Amino acid sequence: MTRPAAAGYLRRVTVLGIETSCDETAAAVVADGEVRSNVIASQIEVHRRWGGVVPELASRNHLVQLLPVVDEALRQAGVALSGIDGIAVTAGPGLAGALLVGVQAAKGLAWSAGLPLVAVHHLAGHLHAIRLTAEAPAPPFVGLVVSGGHTSLYRVDAPAGRTRYDLLGATLDDAAGEAFDKAAKLLGLPYPGGVEIERIAEGGDPAAHRFPRALAGKGIDFSFSGLKTALRLHVQRAGRPEGRALADLCASYQEAIVDVLAQKAIAACARERIGRLVLCGGVAANRRLRAEATARGREAGIATFVPPPVLCTDNGAMIAAAGTLAFQAGERAGLDLAADPAMRL
Ligand SMILES: Nc1ncnc2c1ncn2[C@@H]1O[C@H](COP(=O)(O)OP(=O)(O)OP(=O)(O)O)[C@@H](O)[C@H]1O
Ligand SMILES: [Mg+2]
């Protein structure tokens, strides 16, 4: 059973984290705040030919992959289920069928092994991935969650050991990851688009095209749908570019996204008078974003923290990290836990 919580933020508990909210089947063991294993079975190849995630295919693949992934996570960590203190599972938000596979499996494992269970919000997982790194900032901090489905700024506090999330700003339309993925599709590049656009942008000139920066300097909400339209109009006018022209286009498009993300994140820190910024979610794996936010933060006296790329995209370790906090706060989920595709933080 769960050992008593120690003073440290993520101390003295060994948690199995399970994540199946989208197209990654993931399980990890986090012990005393340290990643012992982090196994991810990506479904990218399954979905690539469709240019995006097909929900039903995701659920079916989670069903096939999840138990082997859990076994592998335990094996790599060198523990049996009996050596685990509790199970943390993503209960939402995400694809209903995909979430259901993880939640049902976690309940079955918890019941059969007599272990406590906690439900984790997927974005809490992203926000606490930074806790698994050596230089984790103590709350309060501002967290920019920037992923395939979300672009949101949160103030994260921990009054009396309970984590509190205040939403400061969010996208009014597309998420930044979606803007990358849709652009890639438009340019005939494979899914997931962010990785591909970043790779091609490396050899391009970010100042070659001036893409719109929606809501720049106006509050801390985001909008990316106009950017996507601007790219579509450009491609309609000039055709699909290749070679150097494609690199320039990708670099300029990426720059527009990075510019707005960095600017709003720093503005949120200034508004909250908080000197610690955490970037997280799949788009935080982007090297240009990591560098730009860090540089602008330094100029503004703000320390920027970003987990390694493997902890930015979906993974089980971040769910175990957030689950550890939940266990230490005394939270428990029952065997009536349901997947909640629209779960609120
Ligand atoms: N290096 C990169 N540069 C830019 N974008 C990237 C990079 N790597 C991944 N992404 C983007 O990150 C997104 C995937 O992130 P993540 O796995 O956190 O999303 P998700 O779980 O599907 O969405 P959410 O977390 O909102 O539910 C995709 O949109 C992908 O294009
Ligand atoms: Mg995610």
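In this predicted model, begin by selecting the shell around ligand 1, whose residues divide into 6 nonpolar, 14 polar and 3 charged. Of the 23 residues around the ligand, Gly148, Gly149, Gly177, Gly194 and Gly282 come nearest, and they make a good first set to label. The elements that give two or more residues to this shell are helix 5 (176-186) and helix 6, and helix 6 gives the most, with 4 residues.

Next, colour the protein chain by its domain assignment, which gives domain 1 (14-131 + 312-328) and domain 2 (139-306). Where does ligand 1 lie with respect to domain 1 and domain 2? Both domains give residues to the shell around ligand 1, so the ligand lies between them.

Keep the two colours on and turn to the place where the domains touch. The C-alpha centres of domain 1 and domain 2 lie 26 Å apart, and the contact takes 15 residues from domain 1 and 21 residues from domain 2. On the domain 1 side, the elements that give two or more residues are helix 1 (44-48), helix 4 (122-128) and helix 11 (316-328). Sorted by class, that side of domain 1 has 8 nonpolar, 6 polar and 1 charged residues.

Now return to helix 6, which you met around the ligand, and select residues 193-201 for it together with residues 243-272 for helix 8. These two helices pack at an angle of about 120 degrees, and their axes are 8 Å apart. Are helix 6 and helix 8 perpendicular or oblique to each other? Angles from 65 to 115 degrees count as roughly perpendicular and those over 145 as roughly antiparallel, and helix 6 and helix 8 are therefore oblique to each other. Helix 6 passes helix 8 in a left-handed crossing. To see the contact itself, show Ile197, Glu198, Ile200 and Ala201 of helix 6, and then Leu246, Ala247, Cys250, Ala251, Tyr253 and Gln254 of helix 8. Counted by class, this contact has 8 nonpolar, 1 polar and 1 charged residues.

Stay with helix 8 and add helix 9, residues 287-299, to the selection. The axes of helix 8 and helix 9 come within 9 Å and cross at roughly 35 degrees, and here helix 8 passes helix 9 in a right-handed crossing. Which residues of helix 8 and helix 9 meet? From helix 8 they are Gln254, Val258, Leu261, Ala262, Ala265 and Ile266, and from helix 9 they are Arg288, Leu289, Glu292, Ala293, Arg296 and Gly297. By class, the contact of helix 8 with helix 9 has 7 nonpolar, 2 polar and 3 charged residues. Gln254 is worth a second look, since it is listed in the contact of helix 8 with helix 6 and again in the contact with helix 9.

The last stops are details of the backbone, for which you should zoom in on the loops. Select Pro139 and Pro140, which are joined by a cis peptide bond with omega of about 5 degrees; Pro140 is found in the loop between helix 4 and strand 6 (141-146). Then move to Tyr191 and Pro192, where the peptide bond is also cis, with omega near -5 degrees, and where Pro192 is found in the loop between helix 5 and helix 6. Finish at Asp32, in the loop between strand 2 (24-31) and strand 3 (34-42), which has a positive phi of about 50 degrees although it is not a glycine.

Conventions: Residues are numbered from 1 along each chain as its sequence is written. Chains are lettered from A and ligands numbered from 1 in the order in which they are written. This is a predicted model: local features need pLDDT of at least 70, side-chain atom pairs count only at pLDDT 80 or more; totals for chains, interfaces and linings use all residues. Axes are lines fitted to C-alpha atoms, for helices over the stretch in contact, and angles run from 0 to 180 degrees between N-to-C directions. Angles under 35 degrees count as roughly parallel, over 145 as roughly antiparallel, 65 to 115 as roughly perpendicular and the rest as oblique. A crossing is left-handed if the near helix is turned anticlockwise from the far one by less than a right angle, and right-handed if clockwise. Two residues are in contact if their C-beta atoms, placed from the backbone, lie within 7 Å. Ala, Val, Leu, Ile, Met, Phe, Trp, Tyr, Cys and Pro count as nonpolar, Asp, Glu, Lys and Arg as charged, and the others, Gly among them, as polar. A residue is near a molecule or strand if its C-beta atom, placed from the backbone, lies within 6 Å of it. Domain bounds come from an automatic or database domain assignment.
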